[in-house]
Amino acid sequence: MGAALLLSPLHIEGGRKNAGRVHYHPPETSVMARKPPPLTTGIAAAPLLLLFLLGLVATTNAVAPRVGVNYGTVADNLPPPRQVAEFLQSRTSIDRVKLFGSDPTQIQAFAGTGIAVTVAVANGEVLSLVNPGGAAQWVATHVSPFVPATNITRISVGNEILATADKNLIAHLLPAMRSLHNALSAAGLRHIQVSTPHSLGILSVSQPPSSGRFRRGYDRVIFAPMLEFLRSIGSPFMVNPYPYFGYTPATLNYAIFQPNAGIYDPATGHNYTNMFDAQMDAVYSAMKRLGYGDVEIVVAETGWPSAGDPGQVGVNLEAAQSYNGNLIRHVTSGVGTPLMPGRKFETFIFSLFNENLKPGPTAERNFGLFRPDFTPVYNVGVALDQSGDASPVSSSPSSAGKKWCVPKADVDGGALQKNIDYVCSSGVDCSPIQPGGACFQPSTVKSHAAYAMNAYFQSAGRHDFNCDFAGTGVMTATNPSKDLLCFLFLGAHRIYYIILIKYLPTFLHFLI
């Protein structure tokens with residue numbers, strides 16, 4: 001692959017596999033602007049093309065990636081826990097849940113479902129776990145009676161403890177985690193992980209992401225020994241990144257995974273096109289600064305509300321669907337982040353239901369993916385249809401049917417290249433427009449941008465706003481391709497690459 005990077009008109013910054021920033025250089029200035037071998041009319045080409053097409057069909061049977069959900073209960077209208085567990089098991093692709101407590105009714109409800117359950121120690125219980133006897137009693141009451149029927153995989157000790165500013169509680173957090181781990185081991189449950197979720201308030205610096213560091217005074221005293229403990233027992237560092245709490249009207253697109261110019265980190269040369277990656281890399285930089293960049297990071301909470309107070313910009317169904325839908329695709333794609341390429345992140349969306357008794361502004365009661373009657377507030381592809389496949393993300397009426405997203409005629413190459421960079425760093429597969437790819441020819445920035453913009457539009461849900469690209473994109477009902485047709489057709493939970501080539505009649509002739 002190294003040679004290809006040196007010779008090809010398209011290369012990937014930082015050596016990231018098919019998902020980094022794809023840069024375009026005009027063919028006449030390339031070291032070698034080579035065309036892929038032409039399709040021959042000989043019979044030898046037919047078996048190869050047949051195998052290629054069959055390979056495309058075979059890939060459509062891949063299982064849809066899965067993420068988890070936070071199951072909160074600050075409401076007076078929610079269904080019984082057992083109904084919730086059965087709903088998640090039979091009607092969604094969600095295979096893990098995170099609880100905010102250790103209610104035995106909730107834990108018991110997931111028995112026999114196979115769903116991975118994270119049980120929580122309430123903040124008020126943390127100090128009692130420091131004593132070995134207290135930890136053993138907690139395990140005997142809240143864990144042992146329910147396993148193995150309930151698949152308890154992790155215990156979260158408290159929630160955002162450092163944000164409480166309770167110095168005594170903060171000082172005893174790690175001792176409580178150690179004591180709980182020892183109690184689990186003594187009970188023969190060493191496989192159950194122990195960790196604790198943190199807000200991003202643990203960082204004193206987060207911009208640019210490469211400068212991320214923990215708050216002074218906590219870095220060496222709290223986080224270094226905590227990360228050492230987590231590494232030693234194979235448990236993850238848990239964080240709650242919320243771009244929702246960091247955006248402004250000017251940075252809305254950056255926050256909800258919509259096309260934008262991005263924010264440049266001069267220290268690394270990376271251009272961040274979404275706030276989630278920037279937040280995750282700031283946490284990673286802080287961990288790496290202490291020597292613990294190898295410890296796994298789990299996204300314990302993140303989400304976006306679907307309704308807010310009057311006049312609140314960016315708090316609506318469209319923004320929530322854009323953030324959560326694109327987030328799910330991003331964290332499960334294997335793209336990773338600029339500083340953590342190739343990683344997938346276990347992620348828990350906040351939250352399962354809208355919770356009508358949560359205090360605060362309207363948005364606090366509207367983070368749910370589902371209503372209490374199990375109908376989706378909006379669709380991010382986790383609900384299963386009757387066949388057991390994940391239902392496709394719904395599209396707006398104006399983008400239903402046969403629609404393509406293409407660049408506007410008067411857009412310059414620089415703007416189109418930014419669109420390519422954004423799409424190819426968001427998790428969309430750009431290998432078809434790399435040298436030798438099915439859609440590489442014609443090798444022009446406009447042609448490659450048309451593929452990238454349409455691929456993003458189709459995979460993100462075919463909403464009008466998915467084709468905006470800062471005013472450079474336009475939807476069309478006319479298929480834009482000529483000799484080589486490359487487009488995405490959205491199936492149930494699968495993306496089919498359909499390649500129609502002008503030489504196909506010749507190929508079919510030799511098959512017959």
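Colleague: Does C467 count as buried or exposed?
Modeller: This is a predicted model, in which local features need pLDDT of at least 70 and side-chain atom pairs count only at pLDDT 80 or more, while totals for chains, interfaces and linings use all residues. Residues are numbered from 1 along each chain as its sequence is written, and side-chain values use heavy atoms, with hydrogens and water left out. Buried means under 20% relative accessible area, exposed over 50% and partly exposed in between (1.4 Å probe, protein chains only). C467 has 3% relative accessibility, so C467 counts as buried.

Colleague: Which cysteine does a disulfide join to C467?
Modeller: A disulfide is a pair of cysteine sulfur atoms within 2.5 Å, and by this rule the count comes to two. For the pair that includes C467, the S to S distance is 2.0 Å. The partner is buried, with a relative accessible area of 0%. It is C405.

Colleague: How many residues apart in sequence are the parts that C405 and C467 tie together?
Modeller: Helices (H or I, at least four residues) and strands (E, at least two) are DSSP runs, numbered from the N terminus. C405 lies in strand β16, while C467 is in the loop between α13 (445-459) and β17 (473-476). The pair therefore ties together parts whose separation in sequence is 62 residues.

Colleague: Is the link of C424 and C430 left-handed or right-handed?
Modeller: The sulfur atoms of C424 and C430 are 1.9 Å apart, and they form a disulfide. The link of C405 and C467 has 90 degrees about the S-S bond and is right-handed. The link of C424 and C430 has -95 degrees about that bond, and is left-handed.

Colleague: Why do A135, W138, V139 and H142 lie on the same side of α5?
Modeller: These residues of helix α5 (residues 132-142) are buried. The arc is taken from the directions that run from the helix axis to the C-beta atoms. They are on the same side of α5 because they cover an arc of only 95 degrees.

Colleague: Which residue caps the N-terminal end of α5?
Modeller: The buried residues of α5 pack against α4 (104-109), β5 (116-121), β6 (151-157) and α7 (173-186). At the N-terminal end, a side-chain oxygen lies 2.7 Å from the backbone nitrogen of G133. That oxygen belongs to N131.

Colleague: Which residue's side chain does a polar contact of 3.0 Å join to that of E346?
Modeller: E346 is in the loop between α11 (317-332) and β15 (347-349), and is buried with a relative accessible area of 18%. Contact means heavy atoms within 4.5 Å; a polar contact is a pair of N or O atoms within 3.5 Å, where within protein one must be able to donate a hydrogen and the other to accept it, and residues adjacent in sequence count only if both atoms are side-chain atoms. Not counting residues up to four places away in sequence, E346 touches R96, R154, E296, V298 and V299. The polar contact is with R154.

Colleague: Which helix supplies the largest share of the largest nonpolar core?
Modeller: A nonpolar core is a set of buried Ala, Val, Leu, Ile, Met, Phe, Trp, Tyr and Cys residues joined through side-chain atoms within 4.5 Å. The largest one has 122 residues, and I155, L180, F214, F237 and W304 touch the most other members. Its largest share is nine residues, and they come from helix α10.
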